[in-house]
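Student: I am new to this structure and would like a close look at a single part of it. Could you take one stretch and connect what can be said about it with the chain around it?

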Amino acid sequence: MLTTVLILNGLITGFCWYFTWRIWRWQRRLARVTQALTMAERHTHNRLCHAPAAILQGQDNIQQLRSQYQQVLLQFQQLKQILALLGLGRFVYQLYANRERNARENARRNANHGSRPDKLAGNGDQTQGRGPFVKTAVKTAKPKLTL
């Protein structure tokens, strides 16, 4: 019986030593994983410790760019309005200039037509008493279509 107790005691001790060895290996692996995670956290912290300041600075820069963009848009709209007014002014000027030019040409035509020496002398065979700018109308017979 003593032998059986010693053998069972030895087997229990062997199993305990085996489980202790497995737990010790597992503890070493966990220590290495913990060390790797700690190093990764340190490196991440060292890389990202300046990130909040950089993010705030970036947000400030974006806000300034938005403000400048709004000012540029306003200036662009004002420039479009100015160019539209200039175009309108040019259009009105051309209308006025054309009207003045047409009035001068009509006055010149009327002056030339009324004071022609050929007409006064009665030598208007070619123009038959018409002004130099007046064309004679030629009547042509158009055929009528009937259905």
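**The stretch of residues 6-24**

Tutor: Read along the sequence, the chain follows the pattern α-α-α, with three helices and zero strands (DSSP runs numbered from the N terminus, H or I of at least four residues for helices, E of at least two for strands). This is a predicted model, in which local features need pLDDT of at least 70 and side-chain atom pairs 80 or more, while totals for chains, interfaces and linings use all residues. Residues are numbered from 1 along each chain, and side-chain values use heavy atoms, without hydrogens or water.

An unreviewed UniProt entry places a "transmembrane region" at residues 6-24, in the numbering used here, though such annotations may be inferred rather than shown by experiment. Over residues 6-24 the chain is 100% helix and 0% strand, and the end C-alpha atoms lie 26 Å apart.

Trp24 sits in helix α1, and Arg22 is found there too, the helix covering residues 2-48. Trp24 counts as partly exposed because its relative accessible area is 45%, and Arg22, at 43%, is also partly exposed, where buried means under 20%, exposed over 50% and partly exposed in between (1.4 Å probe, protein chains only).

Of the chain's 147 residues, 1% count as buried. The chain exposes about 14,500 Å², of which carbon and sulfur atoms supply 61%, by the Shrake-Rupley method with a 1.4 Å probe.
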